[in-house]
Amino acid sequence: MKPINPTQLKQLIEASLFVLAKPLSVNAIKETVLADFSVSRLRIQEVLDELQLDYQERGVQLVKVASGYRFQTQEMLSPYLQPLWQEKSPKYSRATLETLAVIAYRQPVTRGDIEYIRGVAISSHIIKSLVDRQWIKVVGHKEVPGRPALFATSSVFLDYFNLTKLADLPALTDADSLHALFEKAQLGMDNQSELETVVDPDNDDVVALDEVSEPDGAIKFDEQDGAVNNDIDPDNQNDNNPSHQPHH
């Protein structure tokens, strides 16, 4: 193993994060660009912490998400950077966002659970779109007749919404909670122009992320104290705490 001086180490880690279009973990950095050098994981973490401080007051920041570290612009700058991209921000059907929210907060859930909470049938296109985007995945099957698939969110979902873990999801304590989540994604990730539009062909009610509010017939809020009503199929014994990590 070759030695590397502190300046070169910091430069190499910084450059690695700039050139890659996806987050890098400490282990990934050690096993790739630093594979030939004698550097501990602790030292790599220290350099990442230093870089976060270096970029704290700049237009580009180093942030930690579920899959590792990445550079991204400050959220407050996003509206001013929009003219640099010709493509419009992605739009999603309200039904798609409701479905994603139910999975995120109540996972693992079956399609039947989602339909029970939303009060309407779910188009197969919605589930397929979320799976294709790698925001959700099948983590098992419920042990009931038919063994329906159990869905949970993925690390890609956490990365996109700028979260490190499910516990970082906004608490469902008021009607603005879901709006806050999707608005955060809009501000932080608008520059991902390669993202495709997700539209439910059976639902013409298409909204932009920054127009999302708590929809009727989705997750219900108690009118007295604002607490979320987590009613679900009484036969479903998979009523997990939303702060639990999805199964892998």
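In this predicted model, helix H5 (residues 94-106) packs against helix H6 (residues 111-118) at an angle of about 115 degrees, and their axes are 10 Å apart. The two helices are therefore roughly perpendicular to each other. The crossing of H5 and H6 is right-handed. On the H5 side the contact involves Ala-95, Glu-98, Thr-99, Val-102, Ile-103 and Arg-106, and these meet Ile-114, Ile-117 and Arg-118 of H6. By class, the residues in this contact are five nonpolar, one polar and three charged.

Helix H5 also packs against helix H7 (residues 124-132), where the axes come within 10 Å and cross at roughly 65 degrees. This crossing, too, is right-handed. The residues that make the contact are Ala-95, Thr-96, Thr-99 and Leu-100 from H5, with Ile-126, Ile-127 and Leu-130 from H7. Five of the residues in the contact of H5 with H7 are nonpolar and two are polar, with no charged residue.

A further helix pair lies earlier in the chain. The axes of helix H1 (residues 6-19) and helix H3 (residues 41-54) come within 10 Å and cross at roughly 70 degrees. That angle makes H1 roughly perpendicular to H3. From H1, the contact takes in Pro-6, Leu-9, Lys-10, Ile-13, Glu-14 and Leu-17; from H3, it takes in Arg-43, Ile-44, Val-47, Leu-48, Glu-50, Leu-51 and Asp-54. The contact of H1 with H3 has eight nonpolar and five charged residues, and no polar ones.

The table sets out the residue classes of these helix contacts.

| Helix pair | Nonpolar | Polar | Charged |
|---|---|---|---|
| H5 with H6 | five residues | one residue | three residues |
| H5 with H7 | five residues | two residues | no residues |
| H1 with H3 | eight residues | no residues | five residues |

Some single residues can be placed against this background. Arg-41 is found in helix H3. With 41% relative accessibility, Arg-41 counts as partly exposed. Leaving out residues up to four places away in sequence, Arg-41 touches Val-26, Asn-27, Lys-30 and Glu-31. With Asn-27 there is a polar contact, side chain to side chain, at 2.5 Å. Ile-29 is twelve residues from Arg-41 along the chain, and the C-alpha atoms of the two are separated by 9.0 Å.

His-125 belongs to helix H7. Its relative accessibility is 32%, so His-125 counts as partly exposed. His-125 and Thr-96 are 29 residues apart in sequence, and their C-alpha atoms are 9.3 Å apart in space. Thr-96 is itself one of the H5 residues that make the contact with H7.

Gln-74 sits in the loop between strand S2 (68-73) and helix H4 (78-81). Its relative accessibility is 15%, and the cut-off for buried is under 20%, so Gln-74 counts as buried. Apart from residues up to four places away in sequence, Gln-74 touches Gln-56, Glu-57, Arg-58, Gly-59 and Gln-61. Toward Arg-58, the side chain of Gln-74 reaches the backbone oxygen at 2.7 Å.

Two strand residues can be taken together. Val-139 has its place in strand S4 (residues 136-141), while Thr-153 lies in strand S5 (residues 149-153). They are 14 residues apart in sequence and 9.2 Å apart in space, C-alpha to C-alpha. Val-139 counts as partly exposed, at 26% relative accessibility. Thr-153 is buried, with a relative accessible area of 0%. The side chain of Thr-153 makes a polar contact with the side chain of Gln-107, at 2.9 Å.

For the protein overall, the secondary structure comes to nine helices and eight strands. Of the 248 residues, 40% are buried; Gln-74 and Thr-153 are among the buried ones. Among contacts with a separation of 6 or more, 64% are between residues 24 or more positions apart.

Notes:
Residues are numbered from 1 along each chain as its sequence is written. This is a predicted model: local features need pLDDT of at least 70, side-chain atom pairs count only at pLDDT 80 or more; totals for chains, interfaces and linings use all residues. Side-chain values use heavy atoms; hydrogens and water are left out. Helices (H or I, at least four residues) and strands (E, at least two) are DSSP runs, numbered from the N terminus. Buried means under 20% relative accessible area, exposed over 50%, partly exposed in between (1.4 Å probe, protein chains only). A polar contact is a pair of N or O atoms within 3.5 Å; within protein, one must be able to donate a hydrogen and the other to accept it, and residues adjacent in sequence count only if both atoms are side-chain atoms. Contact means heavy atoms within 4.5 Å. Axes are lines fitted to C-alpha atoms, for helices over the stretch in contact, and angles run from 0 to 180 degrees between N-to-C directions. Angles under 35 degrees count as roughly parallel, over 145 as roughly antiparallel, 65 to 115 as roughly perpendicular and the rest as oblique. A crossing is left-handed if the near helix is turned anticlockwise from the far one by less than a right angle, and right-handed if clockwise. Ala, Val, Leu, Ile, Met, Phe, Trp, Tyr, Cys and Pro count as nonpolar, Asp, Glu, Lys and Arg as charged, and the others, Gly among them, as polar.
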